[in-house]
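Visitor: Please choose one part of this model and take me through it closely. I would like to follow how its pieces join up with one another and with what surrounds them.

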Amino acid sequence: MKKNCLEIVRQKCESCHGCALGATRNNIVFSDGDAATARIVLIGEAPGETEDLTGRPFVGRAGQLLTEFLTEAGISRDKDVYIINTVKCRPPENRVPTDEEKAACRKFLDAQIDIIKPSAIILCGATALKSFVTLDKKQTISKLRGQWMTVSVDGVEYKAMTIFHPSYLLRNHSMEEGSPRRLMQEDLRNIKDTILPDVNHTEDVISDDVVSFQELASV
Ligand code: SF4
């Protein structure tokens, strides 16, 4: 059921030219992971070159590193995590997506979360964090990562945690205590212990209050 609803959203996304990124993409990068079993939605920034060519998120070097960290924490990338980005099309030169681009693409992001109804959302990197939280000057990703917070999507509250983006970890190799890689490891283990204390997976069911999806599907 979830997969059927997501397929409707995907089809709308594939024909979307709601912002300038639609003119330069090779492929939309819709999602990765098993929607029927995933209890966590992980949100990254935007597709890069490899993602644009393959149509899958987090498949370049940073994606491979993310997979390694998830696996180390006992989180299955294939079964436990549904991976998406703040925008579905690659920004030229891998620049950060603009607020306007993120706003134009937000209906797809919200619909995906709406359909999955995850037990938790992982905000991967500053761009994903800023899509859900307005930061003051003292709030940085270094200070906020690793803390459980609540984010709201269409009136539904979700448990959420910010983690470093794996591309940041590609430039920081240390596993010393307090290093970015060590903190990433600790955060993902925290998420695993809190959200996935057992290995049972959810059924492919969908609740009847999928607000964003229903709005999108009716257009
Ligand atoms: S980034 Fe999102 S809003 Fe912009 S064209 Fe692609 S799918 Fe449409």
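Guide: A term to start with: two strands pair if DSSP finds at least two bridges between them. Please keep in mind throughout that the model is predicted. Let's take the sheet as our part.

The sheet is open and mixed, with five strands in the order S2-S1-S3-S5-S4. Its edges are strand S2, residues 81-85, and strand S4, residues 148-153; each has a single partner strand, so one side of each is left without a neighbour in the sheet. From one strand to the next, the twist averages 30 degrees.

Now let's walk inward. Strand S1 (residues 40-44) runs parallel to strand S3 (residues 120-124), and the two are joined by four bridges. Within this pair, Leu-42 has Ile-122 in S3 as its bridge partner. Ile-122 is a good residue to stop at, since Met-161 in S5 is its bridge partner as well. That second link belongs to the pairing of S3 with S5, which is again parallel and has four bridges. As a reminder, strands of a sheet pair through backbone hydrogen bonds, either parallel or antiparallel.

The antiparallel sense appears when we go on to S4, which pairs with S5 over six bridges. Here Met-149 is matched with Ala-160 in S5 as its bridge partner. S4 and S5 form a hairpin that has two residues between the strands. One to look at in the turn is Asp-154, whose phi is positive, about 50 degrees.

What packs on this sheet? Helix H8 (residues 180-195) does, touching S1, S3 and strand S5 (156-163). The direction of H8 makes about 150 degrees with that of S5.

H8 in turn leads us to helix H3, residues 61-73. The axes of H3 and H8 come within 9 Å, crossing at roughly 50 degrees, and H3 is therefore oblique to H8. The crossing is right-handed. On the H3 side of the contact you will find Phe-69, Leu-70, Glu-72 and Ala-73, and they meet Met-184, Gln-185, Leu-188, Arg-189 and Lys-192 of H8. By class, five residues of this contact are nonpolar, one is polar and three are charged.

For a contrast, turn to another pair of helices, H1 (residues 2-14) and H4. Their axes come within 10 Å and cross at roughly 175 degrees, which means that H1 is roughly antiparallel to H4. In this contact, Lys-2, Cys-5, Leu-6, Val-9 and Cys-13 of H1 meet Phe-108, Ala-111, Gln-112, Ile-115 and Ile-116 of H4. Here the division is eight nonpolar, one polar and one charged.

H4 also brings us to the ligand. Helix H4 (residues 99-116) gives three residues to the shell around the ligand, the largest share. There are 14 residues around the ligand, and those that come nearest are Cys-16, Cys-19, Gly-22, Cys-89 and Cys-105. By class, the shell has nine nonpolar, three polar and two charged residues.

If you come back to one spot, make it Ile-122 in S3, the bridge partner of Leu-42 and of Met-161 in S5.

How values were computed. Residues numbered from 1 in each chain as written. Predicted model: local features only at pLDDT ≥ 70, side-chain atom pairs only at ≥ 80, totals over all residues. Axes fitted to C-alpha atoms, helices over the stretch in contact; angles between N-to-C directions. Contact = placed C-beta atoms within 7 Å. Near = placed C-beta within 6 Å. Nonpolar A, V, L, I, M, F, W, Y, C, P; charged D, E, K, R; others polar. Parallel < 35°, antiparallel > 145°, perpendicular 65-115°, else oblique. Left-handed = near helix turned anticlockwise from the far one by under 90°.
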